[in-house]
Amino acid sequence: MKILLLDKNHPLINAQLSEKGFVIEEDHVSTYSEVLDKIGYFDGVIIRSRIPIDESFLLKGKNLRFIARVGAGLENIDTEKAKQLGISIISSPEGNRDSVAEHVVGMLLVLTNRLFIASQEVKNGIWNREENRGDELLGKTFGIIGYGNMGKATAKRLSGFGLKVIFHDILPNLSDEFATQVSLDELKNQADILSLHIPITDDTFHLIDEKFISEMKKDFYFVNTARGKNVKTKDLVEAIKSGKIKGAALDVLEFEKSSFENLDYQNSDLEFLLNSEKVIVTPHIAGWSHQSKEKLAQVIVDKILREFG
Ligand SMILES: NC(=O)c1ccc[n+]([C@@H]2O[C@H](COP(=O)([O-])OP(=O)(O)OC[C@H]3O[C@@H](n4cnc5c(N)ncnc54)[C@H](O)[C@@H]3O)[C@@H](O)[C@H]2O)c1
Ligand SMILES: O=C(O)[C@H](O)CO
C-alpha cells in the first residue's frame, strides 16, 4: 500500500511501516490543492492537522482505504463522507490521554494555588503571602463533561486528591471506580470545578455560554483542554469579570488558527484572557508531551498493521 504522511511526526511511523512493506511518501509542505492533485495515487493518508480531509479530498482519493489521525480530535476529517465511501478512520487517543490528564491536573493546581502569579511576584521582588493563599482541592467536586479517553484518564489521576469526581456524558452507564455519572443538571448543581473533554461537533459548539454558566449553582473554576470552540469566549470573559468563574485554565482557545500553530491576536476577548490574573493559558500542548509523540505514532502504526498489515 502507498501511504502519504502529511505532517511531521515521530520517525517510527515511517520506519516501522516501511519495514512492513508499505511505501511511504512524506510531504510536509504541499498545499491543500497540491495534495489533492496527487491523492488519487495513495491507499492511505496519515495526518495531524495541516490539511483538512474534506469531501473533495475524499472524492479525489479514489484508492483511499484509510485516513489515520495522529491525535484524538477528528473535526478536521469529514468522517460521515469517509464512512459512506468505505474509508476507515483511525485515530490515536490512547497515545495522548496520559499527557492530557497530567496537563489538566497541572493546570488546576497552578490555578488554585496561584503558583504562576506567586512565582512571578517573587521573581519581581514582591513577597506577598496573604494574597497568594491557595484554595485546596480536598473536598471539592470536580465535574467532567465527556467521559471518553481524556475524561476517564483525568478522573483516574484525580483520585488521590480527595476530590469527588462526577461526570456527564451522552452515553449511558459509564460510571467506574474513578467517577460517578450524573445528569447535566446534577453536574451543574454540584461542581466546584468544570473540565471539558468532549469533541467539537455541531452539538457541542459554544456549549459553555452565558446560559450554561448561569445555571452552574456555585462559583467555579473552569478547565478547557477540549477545543476552544466548545466555549463562547465572550461569555467566558464576562463570567471571569463577574467572579462567577473564579479562574480559568485554558489549553485551547477559540482564536486558534486551524493548524493549531498560532493565534489570531486581533481580538479584545483574547486580550482580556491573556492579561487576566485569573487565567492561565497554554498553546494547545495538553496532549503534546515528549512521550505522547512516540505513543501516538506507535498507536497509529499498530492500528494500521492490525487492519491492513
Ligand atoms: N488539548 C489537547 O491537546 C487535546 C488532546 C486530545 C484530545 N483533545 C480534545 O479532547 C476531545 C475528547 O477526546 P477523547 O479521546 O476523550 O474523545 P472520546 O470520543 O473518547 O470521548 C468524548 C466523550 O464525549 C462524549 N460526548 C460527546 N458529546 C457530548 C455532549 N454534548 N455532552 C456530554 N458528553 C458528550 C462522548 O459520548 C464521549 O464519551 C477530542 O475530541 C479533542 O477535541 C485535546
Ligand atoms: O486532538 C488532539 O489529539 C490534540 O488536540 C491535537 O490535535
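Contact is taken here as heavy atoms within 4.5 Å. The structure is a predicted model, in which local features need pLDDT of at least 70, side-chain atom pairs count only at pLDDT 80 or more, and totals for chains, interfaces and linings use all residues. Residues are numbered from 1 along each chain as its sequence is written, chains are lettered from A and ligands numbered from 1 in the order in which they are written, and side-chain values use heavy atoms, with hydrogens and water left out.

Leu-236 is in contact with Ile-213, Phe-222, Val-231, Ile-245, Leu-250 and Leu-273, neighbours within four places in sequence being left aside. Leu-236 is also listed among the residues with the most contacts inside the largest nonpolar core, which has 29 residues; the others listed are Leu-194, Ile-208, Phe-222, Ile-245, Leu-250 and Leu-273. A nonpolar core is a set of buried Ala, Val, Leu, Ile, Met, Phe, Trp, Tyr and Cys residues joined through side-chain atoms within 4.5 Å. Two or more residues of this core come from each of strands E9 (193-196), E10 (220-224) and E11 (245-250) and helices H9 (210-215), H10 (233-242) and H11 (268-275), where helices (H or I, at least four residues) and strands (E, at least two) are DSSP runs numbered from the N terminus. H10 gives the most, with 4 residues. Another core, of 23 residues, lies apart from this one and includes Val-105, Ile-144, Met-150 and Ile-280.

Val-281 lies in strand E12 (residues 279-281). Val-281 counts as partly exposed because its relative accessibility is 31% (buried means under 20% relative accessible area, exposed over 50%, partly exposed in between, with a 1.4 Å probe and protein chains only). Beyond four places in sequence, Val-281 touches Met-107, Leu-250, Leu-253, Leu-273 and Leu-274. The C-alpha atoms of Val-281 and Ala-249 are 6.0 Å apart, at a separation of 32 residues in sequence.

Ligand 1 is surrounded by 27 residues (a heavy atom within 4 Å), the closest being Asn-149, Met-150, Asp-169, Asp-251 and Gly-287. By class, this shell has 13 nonpolar, 11 polar and 3 charged residues. H5 supplies its largest share, 3 residues. Polar contacts are pairs of N or O atoms within 3.5 Å. An N or O atom in the Asp-169 side chain lies 2.6 Å from an oxygen atom of ligand 1. For Asp-251, a polar side-chain atom is 2.9 Å from a nitrogen atom of the ligand, and a backbone N or O atom of Gly-287 is 2.9 Å from a ligand oxygen atom.

Conventions. Polar contact = N/O pair within 3.5 Å; in protein donor to acceptor, adjacent residues only side chain to side chain. Nonpolar A, V, L, I, M, F, W, Y, C, P; charged D, E, K, R; others polar.
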